[in-house]
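Please open the structure in a viewer and keep the sequence panel visible beside it. The tour below proceeds from one selection to the next.

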Amino acid sequence: FRGEKVTLDKERFTIPEIIFSPSDIGLNEGGISDSILQSLGKINADFLEVMLENVIISGGNTHFPNFKERLFKELRPNAPD
């Protein structure tokens, strides 16, 4: 890629969106918030609140603008009671 320029248009927004909505590209999978909630559904209910209060995000994708806010916005209303 030396000296080459890559111009992003809608891809800049489409790629991060796929993490939250894989169905947008035809994948029959839940998004990241669905995966987190599914995982939390497998633990003892006594620990659920503590786990939801301690979600840690890391890695390259977490640097997308508003990733953290979007993830937590999706987790809050969908979290089990």
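**First stop: Ile57**

Select Ile57, which is found in the loop between α3 and α4; helices are DSSP runs of H or I with at least four residues, strands are runs of E with at least two, and both are numbered from the N terminus. The model is a predicted one, in which local features need pLDDT of at least 70 and side-chain atom pairs count only at pLDDT 80 or more, while totals for chains, interfaces and linings use all residues. Residues are numbered from 1 along each chain as its sequence is written, and side-chain values use heavy atoms, with hydrogens and water left out.

Ile57 has a relative accessible area of 27% and is partly exposed. On this scale buried means under 20% relative accessible area, exposed means over 50%, and partly exposed lies in between, with a 1.4 Å probe and protein chains only. Display the contacts of Ile57 next, a contact being heavy atoms within 4.5 Å. Leaving aside residues up to four places away in sequence, Ile57 touches Thr62, Phe67, Lys68 and Leu71. Ile57 and Phe67 are ten residues apart along the chain, and their C-alpha atoms are separated by 9.4 Å.

Move to Asn66, whose place is also in the loop between α3 and α4. The phi angle of Asn66 is near 65°, a positive value in a residue other than glycine. Asn66 is exposed, with a relative accessible area of 54%.

**Second stop: the aromatic pair**

How many aromatic pairs does a search of the whole structure find? The search finds one. Select Phe20 and Phe67: their ring centres are 5.4 Å apart and their planes stand at 50°, so the pair is tilted. For this assignment, rings of Phe, Tyr and Trp (its six-membered ring) pair if their centres lie within 6.5 Å; planes under 30 degrees apart count as stacked, over 60 as edge-to-face and the rest as tilted. Phe20 belongs to helix α1 (residues 11–20) and Phe67 to helix α4 (residues 67–78), so the pair ties together parts that are 47 residues apart in sequence. Phe20 counts as buried at 8% relative accessibility, and Phe67 counts as buried at 5%.

**Third stop: Arg70**

Keep Phe20 displayed and add Arg70, which lies over the face of Phe20 at 4.3 Å from the ring centre. A charge sits over a ring if NZ of Lys or CZ of Arg is within 6 Å of the ring centre and within 35 degrees of the ring normal.

The structure holds two salt bridges, each defined by a side-chain nitrogen of Lys or Arg within 4 Å of a carboxyl oxygen of Asp or Glu. Side chains of opposite charge can pair when their charged atoms come close. Add Glu17, whose side chain meets that of Arg70 in a salt bridge (2.8 Å, N to O). Arg70 lies in helix α4 and Glu17 in helix α1, so this pair ties together parts that are 53 residues apart in sequence. Arg70 counts as partly exposed at 26% relative accessibility, and Glu17 counts as partly exposed at 26%.

Now add Glu74, whose side chain forms a salt bridge with Arg70 (2.7 Å, N to O). Both Arg70 and Glu74 lie in helix α4, four residues apart, about one turn of the helix. Glu17, Arg70 and Glu74 are joined into one network by salt bridges that share partners.

**Fourth stop: Pro22**

Select Pro22 in the loop between α1 and α2. Is Pro22 buried or exposed? Pro22 is buried, with a relative accessible area of 8%. Not counting residues up to four places away in sequence, Pro22 touches Leu27, Glu29, Gly30 and Gly31. From Pro22 to Ile32, ten residues apart in sequence, the C-alpha to C-alpha distance is 9.1 Å.

**Last stop: the whole chain**

Return to a view of the full model. The protein chain has four helices and zero strands, and its pattern along the sequence is α-α-α-α. Buried residues make up 20% of its 81 residues. Among contacts between residues at least 6 apart in sequence, 56% join residues at least 24 apart.
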